[in-house]
Amino acid sequence: MRFILRFLGFAFALGTVVFFIGAGVLGFVIWKYSQDLPDYSALANYEPPVMTRVHAGDGSLLGEYARYRRLHLPIQAMPKQLIAAFLSAEDKNFYRHGGIDPEGIVRAVITNFRNRSSGRRPQGASTITQQVAKNFFLTPDQNYERKIKEALVALRLESVYSKDKILELYLNEIYLGAPAPGQGSYGVAAAALSYWGKSVHELTLAEMAYLAALPKAPSDLHPFRYTDRAIERRNYVLDRMADNGYIAAADAARAKEQPLGVTPRTLSPHSYSAGFFAEEVRRELADRYGEQKLYEGGLSVRTTLDPKLQGMARKALVDGLVRYDEARGWRGPIQNLPIAGREWGQVIAEVPALGDVQPWKLAVVIGVDGDTARIGLQPGREASGQVARQRDTGTIGPEGIRWTRKGRVSQVLNIGDVVYVDAIDGKPGHYRLRQIPEVSGAITVMDPHTGRVLAMIGGFSFDQSEFNRATQALRQPGSSFKPFVYASALDNGYTPSTIVMDGPIEIDQGPGIGIWSPSNYDGKFAGPRTLRYGIQYSKNLMTVRLARDVGMPTVAEYARRFGVYDEMLPVLSMSLGAGETTVLRMTTAYSMFVNGGKRIKPTLIDRIQDRNGKTIYRHDERVCEACVASGWNGQAEPKLVDKREQVIDTLTAYQVVSMLEGVVQRGTAQVVKETGRRYLGGKTGTTNDAKDVWFVGFSPDLAVGIYLGYDKPRSLGNSATAGQYAAPVFRDFIKLALKDKPDAPFRVPAGIKLIRVSASTGLRAGPGEGNTILEPFKPGTAPPESYPSGDGLVAAYPEGERSLGVGTGGLY
């Protein structure tokens with residue numbers, strides 16, 4: 001008995017020593033591995049990286065920017081069955097353990113011992129909390145040190161977060177694979193979009209179970225490469241859901257009969273023509289908030305883009321570029337492939353194709369017979385990345401090569417040639433030959449009253465070149481700058497009926513520089529003419545005389561005020577558009593004429609919200625103090641207060657608009673009259689040697705800037721003009737954009753007097769006189785009744801007006 005007591009005492013003492021040693025060792029391990037663990041505040045304030053999403057004005061998706069494709073969804077917004085699926089698959093005791101699951105550890109040890117010689121993958125015992133700890137704060141290394149830290153972080157997480165918060169972090173963080181290249185998704189919300197193009201609320205039970213199956217090994221459960229394995233794992237999850245009482249066995253059985261049904265999402269079709277626009281938005285977000293917030297901040301961006309107008313703008317610009325390019329003939333195929341003895345579909349599938357030139361398609365010539373060529377269209381790719389099995393063919397006949405000005409198809413195409421083609425309407429299976437234009441250009445469409453950019457195309461193809469010619473290309477605007485010279489004159493005593501001499505002029509530029517003798521485009525002189533005539537027919541000599549009389553410092557100030565240039569050298573050659581600016585700047589400047597002279601700031605973004613839905617930027621800065629009233633008590637209707645700067649007198653702005661209407665009706669842009677609309681205005685611009693051609697035009701509610709030219713400046717041709725190449729792009733766009741909309745007149749501001757004058761002389765029109773127009777005059781001004789004859793040809797004006805040599809009112 002004494003022996004037994006002594007043994008028990010010894011065993012107790014030994015156990016006590018072992019306990020304290022073990023406790024000490026455990027305490028040391030906890031202390032050691034706790035040194036570099038995240039502290040309480042880091043865990044409590046953690047915000048997972050979330051992708052930024054950019055939407056068009058109609059809500060359609062333009063782009064997503066992220067280092068990891070993730071959308072954040074609160075746990076309260078997640079379907080209960082989806083939560084149940086993940087708990088059944090990953091951690092059925094989640095709501096009962098404290099971060100570490102002893103039952104799961106024992107179960108994993110037993111299972112792994114039994115399967116030690118079967119070659120099966122070892123079963124893990126990590127809880128959802130431990131997976132959160134690993135994914136958020138630790139490396140993926142498989143070693144004991146990382147497992148110890150994982151357990152410690154899991155215990156700390158349980159002390160910091162509620163169970164729902166931990167589960168929310170997990171379901172928004174977990175990697176769920178990539179159904180298609182470039183669509184790797186983090187979190188259930190992003191995965192639902194990537195796999196099925198759905199929100200989580202639209203998922204079926206079978207789809208939820210498949211998502212819950214993915215965390216173990218998303219690559220090994222790929223829906224296309226390993227379909228059988230993926231279905232087997234999904235069905236396992238459905239069985240566990242039934243065993244745990246989340247769903248009925250009959251529901252599980254029905255769900256197991258369904259296919260995976262994965263259909264990887266593609267971005268909105270609008271995005272194909274919005275590459276330049278979306279990239280410009282991305283750059284602005286990066287400049288405004290930095291790269292980290294752009295790619296991890298979860299911003300929600302509503303842009304100004306109108307997808308319908310964007311498609312119309314792209315079609316109009318591309319048609320204009322192709323029209324010019326095809327007039328210069330066929331340059332040859334993109335390349336020639338050796339397809340003899342090879343399956344042509346596999347060969348052409350490996351050739352990179354521009355993804356944003358629809359409806360053009362890449363094709364390879366597989367046969368040529370005199371006046372006919374057989375082509376094979378580039379096959380698409382399946383979601384798995386493999387070349388699709390379907391092979392589509394077509395024919396190019398004489399109609400398809402007519403623009404090349406070659407006699408026969410065999411003179412243009414050879415077997416193996418890689419070309420772009422476009423289907424001929426009304427002739428199924430027949431295609432027109434296309435070629436990528438060498439000339440480039442840009443178009444910008446703006447709401448002139450707000451500065452909202454409704455459409456922007458910065459070149460033929462964003463895939464071909466990301467250089468945005470609407471915002472990044474600095475080119476000479478040529479004669480499209482002239483309205484700012486005329487505006488400065490109208491603000492300094494001139495009227496649209498003022499007579500200016502269109503005749504030779506020599507400018508002494510100073511010692512050592514020499515004499516500058518500008519000339520008109522056609523080399524002719526029209527003699528004394530009205531201001532309206534000068535801008536309608538883009539007379540250089542009249543513009544130079546105006547600029548000299550008003551003073552180039554004044555013209556330079558107007559250019560700065562309208563935002564055409566930041567600083568303009570005040571020399572007379574600049575009055576003809578010799579400086580460099582962008583399409584966006586010119587469109588914005590013309591918009592200020594249309595809106596009555598109010599300053600606007602161009603914007604591609606309407607509103608930006610942070611990850612929590614708080615608005616952190618809004619373009620509309622108008623104030624409405626009365627809009628916050630809690631109710632109506634007979635007070636006046638709320639009004640928006642517009643505090644924008646008045647850049648130019650409202651009456652002057654309307655006079656410029658009216659004169660630019662004349663450019664379309666009687667001047668250098670008469671091609672625009674083919675739209676059948678009366679109330680359109682604009683100005684052509686052709687630079688020296690026709691290296692650049694511009695047209696900036698407008699309706700009462702749209703302003704459109706267009707530029708065409710080579711990226712490496714060279715002449716577009718000896719006879720090339722803006723009226724020939726740029727104005728038709730505006731015509732084609734306006735036809736589409738304003739189809740079925742009323743032809744509303746421009747708003748006439750209070751104070752303007754519309755007086756009928758002779759269109760050719762500017763004199764007040766007599767009764768029954770033909771060829772007249774309504775000319776806008778400011779208060780205190782009027783058209784002259786007559787001009788006296790004689791060598792001086794001095795204009796007669798009402799009392800108070802100044803004559804030649806004294807100011808701006810007479811012949812100059």
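The following legends describe an overview and five close-up views of a predicted model.

**Figure 1. Overall content of the predicted protein model.** The protein comprises 23 helices and 24 strands. Of its 812 residues, 52% are buried. Among contacts with a separation of 6 or more, 68% join residues that are 24 or more positions apart.

**Figure 2. The open sheet of strands β2, β1, β5, β18 and β19.** In this view, 5 strands follow the order β2-β1-β5-β18-β19, and their pairing is mixed. The edges are occupied by β2 (61-65) and β19 (615-618); each has a single partner strand, so one side of each is left without a neighbour in the sheet. On average, and with direction ignored, neighbouring strands of the sheet are turned by 15° against each other. Within the sheet, strand β1 (residues 52-55) pairs with strand β5 (residues 300-303) in the parallel sense, over 3 bridges. Val54 is placed opposite Val301 of β5. Helix α12 (residues 275-289) lies across β1, β2, β5, β18 (605-609) and β19, and runs at about 50° to β18.

**Figure 3. The crossing of helices α20 and α21.** Helix α20 spans residues 583-594 and helix α21 spans residues 650-665; their axes come within 7 Å and cross at roughly 110°. Angles of 65 to 115 degrees count as roughly perpendicular, and α20 and α21 are therefore roughly perpendicular to each other. On the α20 side, the contact is made by Tyr590, Met592, Phe593 and Val594. Helix α21 contributes Ala653, Val656, Val657 and Leu660. Sorted by class, this contact of α20 with α21 has 8 nonpolar residues, with no polar and no charged residues.

**Figure 4. The crossing of helices α3 and α10.** The axes of helix α3 (residues 80-90) and helix α10 (residues 227-243) come within 9 Å and cross at roughly 100°. The two helices, α3 and α10, are therefore roughly perpendicular to each other. From α3, the residues Gln81, Ala84, Ala85, Ser88, Ala89 and Glu90 meet Arg233, Val237, Arg240 and Met241 of α10. By class, the contact of α3 with α10 has 5 nonpolar, 2 polar and 3 charged residues.

**Figure 5. The surroundings of Lys163 in helix α7.** Lys163 belongs to helix α7, which covers residues 163-173. The relative accessibility of Lys163 is 15%, and buried means under 20%, so this lysine counts as buried. A polar contact of 2.8 Å links the side chain of Lys163 to the side chain of Glu158. When neighbours within four places in sequence are left aside, Lys163 is in contact with Phe94, Tyr95, His97, Gly99, Thr129 and Glu158. Glu158 thus appears both in this list of contacts and as the polar partner of Lys163.

**Figure 6. Helix α23 and the elements that cover its buried residues.** Helix α23 spans residues 727-737, and 9 of its 11 residues are buried, so the helix is largely enclosed by the rest of the structure. The buried residues of α23 are Ala727, Pro728, Val729, Phe730, Arg731, Asp732, Phe733, Ile734 and Ala737. Their cover includes the helices α14 (307-326) and α22 (722-725). It also includes the strands β12 (440-446), β20 (681-686), β21 (692-699) and β22 (702-709).

Terms used: Residues numbered from 1 in each chain as written. Predicted model: local features only at pLDDT ≥ 70, side-chain atom pairs only at ≥ 80, totals over all residues. Heavy atoms only, no water. Axes fitted to C-alpha atoms, helices over the stretch in contact; angles between N-to-C directions. Helix = DSSP H or I, 4+ residues; strand = E, 2+ residues; numbered from the N terminus. Parallel < 35°, antiparallel > 145°, perpendicular 65-115°, else oblique. Contact = heavy atoms within 4.5 Å. Nonpolar A, V, L, I, M, F, W, Y, C, P; charged D, E, K, R; others polar. Buried < 20%, exposed > 50% of the residue type's maximum accessible area, 1.4 Å probe, protein only. Polar contact = N/O pair within 3.5 Å; in protein donor to acceptor, adjacent residues only side chain to side chain. Pairing = 2+ DSSP bridges.
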